[in-house]
Amino acid sequence: MTKGRDVQLQSDWLRLLGDEFEQDYMRDLAGFLRRRRGEGAVLYPPPAEIFNAFWYTPPGDVAVVILGQDPYHNPGQAHGLCFSVRPEVAVPPSLRNIFQEQRDDLGVEVPSHGSLVAWARRGVLLLNSVLTVERGQAGSHQGQGWERFTDRVIDAINGQERPVVFMLWGSYAQKKGASIDASRHCVLRAPHPSPLSAHRGFLGCRHFSAANAFLRDRGMADLDWTLPSLDEARQLASLDPRRL
């Protein structure tokens with residue numbers, strides 16, 4: 001995995017992170033991915049979609065970061081944005097709880113699909129800590145190098161002067177975001193929205209309105225958290241983010 005042809009990363013992100021692709025850990029990670037594919041493993045998301053979060057949300061557009069763990073591991077779900085699924089895929093339980101909290105917090109209608117592409121295009125970086133996974137094996141690519149890469153992503157955003165909202169849901173995300181400068185950025189913490197923990201404080205956390213209040217207080221526009229209709233979501237998802 002080297003800079004240039006083999007790394008399809010949005011240009012502004014490449015300027016911030018390009019040197020990472022010359023590090024030994026990223027070369028080792030690339031070798032691991034090639035080896036697993038050669039051994040017949042099915043990896044998600046597809047190679048062209050691994051870096052989708054960076055294509056949809058350039059660094060200068062980032063207003064909110066939502067931090068996930070690793071991609072969905074069932075067929076057809078993962079497409080490079082944490083918590084998001086393709087429009088035609090059933091909404092997973094954690095995302096249903098996110099939508100419930102969004103409805104209760106902002107009074108917006110629960111969408112009929114689980115595609116968060118519209119959020120990404122409005123400035124929400126939907127970042128998983130680990131960017132690939134094997135079919136049916138949650139966490140199968142943890143410890144292979146992705147965590148170090150996404151730590152550098154968080155460092156890059158943390159170092160920018162523009163204030164950003166970080167939504168850290170669950171202990172994993174909170175540990176990963178421990179170094180964020182809360183004196184400049186807004187760091188919102190809550191339990192994970194999974195069915196196992198959502199009722200322990202995620203539901204009722206009011207993070208969506210808190211994020212908008214923070215942005216508004218600093219002279220920025222509220223984020224539009226509504227999602228489009230299913231037909232519009234399908235149209236958005238069909239567009240190649242590398243050509244937007």
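1. Two strands pair if DSSP finds at least two bridges between them. In this predicted model, strand β2 (residues 64-68) and β3 are joined by five bridges and run parallel. One pairing that can be picked out is that of V65, whose bridge partner in β3 is L125.

2. How many of the residues of β3 are buried? The strand is mostly covered, and the count is five of five. V124, L126 and N128 point one way from the strand, while L125 and L127 point the other way, and all are buried. In a regular strand the side chains alternate between the two faces of the sheet. L125, the partner of V65, thus belongs with L127 in the direction its side chain takes.

3. There is one cavity of 30 Å³ or more. The volume of the largest cavity is about 70 Å³. Its lining consists of P45, I50, A53, F54, P71, G80, L81, L126, L127, N128 and L131. Two elements, α3 (52-56) and β3 (124-128), each give two or more residues to this lining. β3 gives the most, with three residues. By class, the lining has nine nonpolar residues, two polar and no charged.

4. Among the residues lining the cavity is P45, which lies in the loop between β1 (43-44) and α3. The peptide bond leading from Y44 to P45 is cis, and its omega is near -10°. Most residues other than glycine have a negative phi, and most peptide bonds are trans. A reader checking the backbone may wish to look at this bond together with the residues in point 5.

5. Which residues have a positive phi although they are not glycines? F83 has one of about 70°, and R206 one of about 60°. F83 is found in the loop between β2 and α4, and R206 lies in the loop between β6 and α8. F83 is buried, with a relative accessible area of 10%. R206 is partly exposed, with a relative accessible area of 35%. A glycine, G219, also takes a positive phi, of about 80°, just after α8.

6. The largest pocket has a volume of about 390 Å³. It is lined by 20 residues, and those nearest its centre are D70, P71, Y72, H73 and H192. P71 also appears in the lining of the largest cavity. By class, the pocket lining has seven nonpolar, 12 polar and one charged residues, whereas the lining of the largest cavity includes no charged residue.

7. Where do the buried residues of helix α8 (residues 207-217) sit around its axis? They are H207, F208, A211, N212, F214 and L215. These residues cover an arc of only 160° around the axis, so they lie on the same side of α8. They pack against β2, α4 (93-106), α5 (117-121), β5 (165-169) and β6 (186-190). β2 is thus both a packing partner of α8 and the strand paired with β3.

8. Q102 is found in helix α4, one of the elements that the buried residues of α8 pack against. Q102 is buried, with a relative accessible area of 1%, because that value is under the 20% cut-off. Leaving aside neighbours within four places in sequence, Q102 is in contact with G107, V108, W119, F208, W225 and T226. Of these, F208 is one of the buried residues of α8.

9. P241 is placed in the segment after α9 (230-238). Is P241 buried or exposed? P241 is buried, with a relative accessible area of 8%. Not counting residues up to four places away in sequence, P241 touches N52, W55 and Y56. These residue numbers fall within α3 (52-56), which also gives residues to the lining of the largest cavity. The C-alpha atoms of P241 and S197 are separated by 33 Å, with the two residues 44 apart along the chain.

Conventions. Residues are numbered from 1 along each chain as its sequence is written. Side-chain values use heavy atoms; hydrogens and water are left out. On a 1 Å grid over the protein atoms alone, a cavity is a set of points where a 1.4 Å probe fits but cannot get out, and a pocket is an open set with protein on both sides within 12 Å along at least five of seven lines; lining residues have an atom within 4 Å of a point. Grid points are joined across faces, edges and corners, and a volume is the space filled by probe spheres set on the points. Helices (H or I, at least four residues) and strands (E, at least two) are DSSP runs, numbered from the N terminus. Ala, Val, Leu, Ile, Met, Phe, Trp, Tyr, Cys and Pro count as nonpolar, Asp, Glu, Lys and Arg as charged, and the others, Gly among them, as polar. Buried means under 20% relative accessible area, exposed over 50%, partly exposed in between (1.4 Å probe, protein chains only). The arc is that of the directions from the helix axis to the C-beta atoms. Contact means heavy atoms within 4.5 Å.
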